[in-house]
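Thanks for making time for this; I would like to walk you through one model, starting with the ligand and ending with the two parts of the chain around it. Please keep the structure open while I talk.

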Amino acid sequence: MLLKFSKMHGLGNDFAVVDAVSRKVYFNKEQIEFLGDRNRGIGFDQLLIVEPPTSPDMDFRYRIYNSNGSEVEHCGNGARCFAKFVIEKDLTNKSVINVETKQGQIQLHVQDDGEVTVDMGAPSFAPADLPFDATEKQDDLYTLNLEGYGSVELTPVSVGNPHAVIRVDRLTDEIVSTVGPLVESHSAFPANVNVGFMEVMSRDEVNLRVYERDVGETQACGTGTCAAIVAGIRQGWLNSKVTAHLLGGDLRIEWQGEGSPIMMTGPATKVFEGQIYL
Ligand SMILES: N[C@H](CCC[C@H](N)C(=O)O)C(=O)O
């Protein structure tokens with residue numbers, strides 16, 4: 001089969017996007033691993049598949065896979081690329097697009113300046129929603145012991161997919177590459193977890209790096225940014241509108257507190273189109 005795809009990125013978090021509305025396409029794990037291979041395939045952090053909706057009040061269904069073939073519930077940078085893709089491919093002419101994901105619904109708003117705002121839904125801080133076998137807790141921060149490292153304090157957040165948010169005084173390569181993998185696959189997170197490292201610069205601004213589950217560190221992570229900012233707002237460290245500086249650029253997040261949806265705004269870029277034998 002000759003598979004057509006668009007290569008896109010959101011702040012350097014990169015994707016292959018496939019139209020499975022015009023033509024039915026299925027992938028098995030080996031095929032996704034092949035496509036995701038940066039030396040032998042297309043290479044991407046996640047594969048995004050645009051499908052028809054299963055419910056009549058939705059416009060599309062959105063499936064996401066990590067480059068190792070594992071399915072993901074939610075992807076923030078991917079959601080913005082998804083919006084750009086369906087408009088460019090004439091799959092819709094709406095500027096507000098309702099999308100089903102594996103874990104709830106999201107709404108995409110394409111702005112006049114080309115940036116995309118995503119209503120990511122409301123976060124949950126309940127450990128069971130990640131899942132997280134909660135450990136000791138103080139002031140809503142949980143202590144996790146890491147083999148051979150010591151302990152870290154984290155906030156568990158589900159934004160559809162699971163995140164552990166760790167506040168650090170200073171972001172370093174070392175902390176991301178050492179603590180990232182230890183927390184990602186810690187037995188307290190039975191489904192593993194994405195790990196965010198946040199340096200709070202002021203009440204309106206953070207520096208953030210994310211070690212993603214099943215992928216490793218990416219240049220940006222949309223859901224990771226949402227998780228980190230809502231954790232910071234809930235802890236009282238941040239205001240309700242925050243700019244996050246990621247390795248690949250900036251995202252703007254707004255959250256009005258418990259029960260309200262997280263609004264994420266940022267760019268989405270198409271790099272090229274291609275086709276590959278599968
Ligand atoms: N890059 C994505 C999230 C992918 C998360 C994935 N690695 C997981 O296993 O949950 C984002 O922009 O939100």
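Before I come to the ligand, a word on the helix labels I will use: helices are DSSP runs of H or I with at least four residues, numbered from the N terminus. Please also bear in mind that this is a predicted model.

Let me begin with the shell around the ligand, where, of the 19 residues, Gly76, Asn77, Arg213, Gly222 and Thr223 come nearest. Two elements give two or more residues to that shell, namely helix H2, which spans 76–88, and helix H4, which spans 222–234. The largest share, three residues, comes from H2. In terms of chemistry, the shell around the ligand divides into 11 polar residues, four charged and four nonpolar.

Now to the domains: the chain is divided into domain 1, made of 2–121 + 267–277, and domain 2, which covers 127–260. Where does the ligand lie with respect to domain 1 and domain 2? Both domains give residues to the shell around the ligand, so the ligand lies between them.

Turning to how the two domains meet, the C-alpha centres of domain 1 and domain 2 lie 24 Å apart, and the contact takes 21 residues from domain 1 and 18 residues from domain 2. On the side of domain 1 that touches domain 2, H2 gives the most, with three residues. By class, that side of domain 1 has 14 polar, five nonpolar and two charged residues.

To close, I would keep H2 in view, since this helix gives the largest share of the shell around the ligand and also gives the most to the side of domain 1 that touches domain 2.

Methods:
Residues numbered from 1 in each chain as written. Predicted model: local features only at pLDDT ≥ 70, side-chain atom pairs only at ≥ 80, totals over all residues. Near = placed C-beta within 6 Å. Nonpolar A, V, L, I, M, F, W, Y, C, P; charged D, E, K, R; others polar. Domains from an automatic or database assignment. Contact = placed C-beta atoms within 7 Å.
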